[in-house]
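You asked for a quick read-through of this model, so here are my notes. Have the structure open while you go through them.

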Amino acid sequence: MCRHLGWLGTPVSVSSLVLDPPQGLRVQSYAPRRQKHGLMNADGWGVGFFSDLAGDVTPRRWRSPVPLWGDTSFDSVAPVLRSHCVVAAVRSATVGMPLEASATAPFTDGRWLLSHNGVVDRTVLPMLPTAESVCDSAVLAATIFDQGVDALGDTIVEVGTADPLARLNIMAANGFRLIATAWGDTLSILRRADGVVLASEPYDDDPDWEDIPDRHLVEVTADGVVLTALNRSKGS
């Protein structure tokens, strides 16, 4: 459920990542190619990014509860929005969860942007007052922020142990680091000359796309890409 994408590299337009690719998030909102659960992602969309202005480390967001393919305002602005670090998502809401902008990724703690592709039983999570919505993804995001994004791998193993049916693909970025997990759903990486894309599924047919193995964490920084296996003895 849901599709998301992260970028870390030189500044590029948001449109070039989300709208322009032949199988980008706009197309994935109505015709995803690798989605295992659900047929469409029409329950909202969100884009978060970091400014390239010196000293500005505040994450900026644009979220909406309407389908991405029908938002002409974003379509007109996205080509001139540029950033070196982006997290974007289209949403297929978990059954029973609210359809509202506050329930749409990316979520933030004021430093990080975070998206969740999957589903989790909220009863295994603490109901923190910092959650932006009562939806499962927002509660999970608040849990991750509370435990620290640096501990993302440990948190995902812990939650996956408590809810063996959970799908816990996370995308998180703070302007300098891009971190993602593959836990129950697809994740791919494209290493470009100008940066790195992590995505639920490839946005085009470039042969350089690589699949991230399930139960792995991937971290992108200026120093490169590091892939770490998550503890398969837990949550399996």
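The points below start with the two sheets, then move to single residues and cavities.

1. First, a caveat: this is a predicted model. Please read everything that follows with that in mind.

2. Let's begin with the seven-stranded sheet. This sheet is open, its strands come in the order β3-β2-β4-β1-β10-β9-β11, and the pairing is antiparallel. At the edges you'll find β3 and β11 (210-211). Each of these two has a single partner strand, so one side of each is left without a neighbour in the sheet. As background, strands of a sheet pair through backbone hydrogen bonds, either parallel or antiparallel.

3. Strand β2 is a good place to zoom in. On one side, β2 is joined to β3 by six bridges, and the two run antiparallel. β2 (residues 45-50) also pairs with β4 (residues 82-90), again in the antiparallel sense, over five bridges. To find your way around, look at F49: opposite this residue stand R60 in β3 and V86 in β4. A little earlier in the strand, V47 stands opposite A88 in β4.

4. How many of the six residues of β2 are buried? Six of the six, so the strand is mostly covered. W45, V47 and F49 point one way, while G46, G48 and F50 point the other way, and all are buried.

5. Now for A89, which lies in strand β4. Is A89 buried or exposed? With a relative accessible area of 7%, A89 is buried. Leaving out residues up to four places away in sequence, A89 touches R3, H4, L25, W45, G46, A105 and S115. W45 and G46 bring us back to β2, where W45 points one way and G46 the other. As for S76, that residue is 13 residues from A89 in sequence, and the C-alpha atoms are 18 Å apart in space.

6. P65 is another residue to click on; its place is in the loop between β3 (59-64) and α3 (72-77). P65 counts as partly exposed because its relative accessibility is 38%, and the buried class requires under 20%. P65 and D43 are 22 residues apart in sequence but 5.8 Å apart in space, C-alpha to C-alpha. D43 is also among the residues P65 touches, along with A42, G44, L99, E100 and A101, not counting residues up to four places away in sequence.

7. The other sheet has six strands. This sheet is open too, with the order β5-β6-β7-β8-β12-β13 and antiparallel pairing. β5 (107-108) and β13 (224-229) stand at the edges; each has a single partner strand, so one side of each is left without a neighbour in the sheet. Towards the β13 end, strand β12 (residues 216-221) is joined to β13 by six antiparallel bridges. Within that pairing, V220 has V225 in β13 as its bridge partner.

8. Two helices pack on this six-stranded sheet. Helix α4 (residues 136-147) touches β5, β6 (113-119) and β7 (167-173), and its direction makes about 130 degrees with that of β6. Helix α5 (residues 152-162) touches β7, β8 (178-182) and β12, with its direction at about 160 degrees to that of β7.

9. Two spots in the backbone deserve a look. Most residues other than glycine have a negative phi, and most peptide bonds are trans. The peptide bond from A105 to P106 is cis, with omega near 5 degrees, and P106 is found in the loop between β4 and β5. R215, a residue other than glycine, has a positive phi near 60 degrees. R215 sits in the loop between β11 and β12 and counts as buried at 12% relative accessibility.

10. Last, the cavities: a search of the whole structure finds two of 30 Å³ or more. The largest holds about 70 Å³ of space. Its lining consists of C2, A89, R91, A103, T104, A105, F107, S115, H116 and S137, which by class gives five nonpolar, four polar and one charged residues. The second largest holds about 40 Å³ and is lined by C2, R91, S92, A93, T94, G118, D136 and S137. That lining divides into two nonpolar, four polar and two charged residues. C2, R91 and S137 appear in both linings.

Terms used. Residues numbered from 1 in each chain as written. Predicted model: local features only at pLDDT ≥ 70, side-chain atom pairs only at ≥ 80, totals over all residues. Heavy atoms only, no water. Pairing = 2+ DSSP bridges. Helix = DSSP H or I, 4+ residues; strand = E, 2+ residues; numbered from the N terminus. Contact = heavy atoms within 4.5 Å. Axes fitted to C-alpha atoms, helices over the stretch in contact; angles between N-to-C directions. 1 Å grid on protein atoms, 1.4 Å probe; cavity = no way out; pocket = protein on both sides within 12 Å on 5 of 7 lines; lining within 4 Å. Points joined across faces, edges and corners; volume = space filled by probe spheres on them. Nonpolar A, V, L, I, M, F, W, Y, C, P; charged D, E, K, R; others polar. Buried < 20%, exposed > 50% of the residue type's maximum accessible area, 1.4 Å probe, protein only.
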